[in-house]
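Trainee: Could you take me through the sheet in this model, slowly and in plain words? I'd like to see what it is built from and what packs on it.

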Amino acid sequence: MLVQGASSGLGRELAKTYAGRGCPMVVTGRNETELKSLIKQIQSDYSNFNVHYICGDAANEADCKRIVDFMIKQHGRIDICVLAAGVTAHGLFKDMKDPTIMKQILDVNFFGYVNMTKYVLP
């Protein structure tokens, strides 16, 4: 199992849930400190659990390829891929000071899924 966006939020919670079901996994996200914390928590809750992490940015196509290659190296295949990376902006559009946040939202929330799917699907 591969969980993208596992350093926080929904991705983190899904990783913990699937760990409880015994799914060997690779978790990924941009925040290495949070990924290490997640690994430590999973291994504490489920001793000898087969979980690895790799840092990467969903918006970066090369990172997505590297993540998939790592997953294949660790587990030989990908049975389940959870795409849970995401960013958001809060407030009214008219009050937005920096519209470049919209590009970041599209890069992560749309192209992050496209990039990962491109390498997972085959």
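**A close look at the sheet**

Mentor: Sure, here goes: the sheet is open and has four strands in the order E3-E2-E1-E4, with parallel pairing. Strands (E, at least two residues) and helices (H or I, at least four) are DSSP runs, numbered from the N terminus, and two strands pair if DSSP finds at least two bridges between them. At the edges stand E3 (51-55) and E4 (81-83), each with a single partner strand, so one side of each has no neighbour in the sheet. From one strand to the next, the twist averages 15°.

Before going on, keep in mind that this is a predicted model: local features need pLDDT of at least 70, side-chain atom pairs count only at pLDDT 80 or more, and totals for chains, interfaces and linings use all residues. Residues are numbered from 1 along each chain as its sequence is written, and side-chain values use heavy atoms, with hydrogens and water left out.

Now the pairs. E1 (residues 2-4) and E2 (residues 25-29) run parallel and share three bridges; look for Leu 2, whose bridge partner in E2 is Val 26. Helix H1 (residues 9-20) packs on the sheet and touches E1, E2 and E4, where contact means heavy atoms within 4.5 Å. The direction of H1 makes about 170° with that of E2. For such angles, axes are lines fitted to C-alpha atoms, for helices over the stretch in contact, and the angles run from 0 to 180 degrees between N-to-C directions. Helix H2 (residues 32-45) packs on the sheet too, touching E2 and E3, and its direction makes about 175° with that of E3.

On to E2 and E3, which pair in the parallel sense over five bridges. Met 25 has Val 51 as its bridge partner in E3. To get from E2 to E3, the chain passes through H2, and this β-α-β crossover is right-handed, meaning that with the strands pointing away from you, the path from the first strand over the helix to the second runs clockwise.
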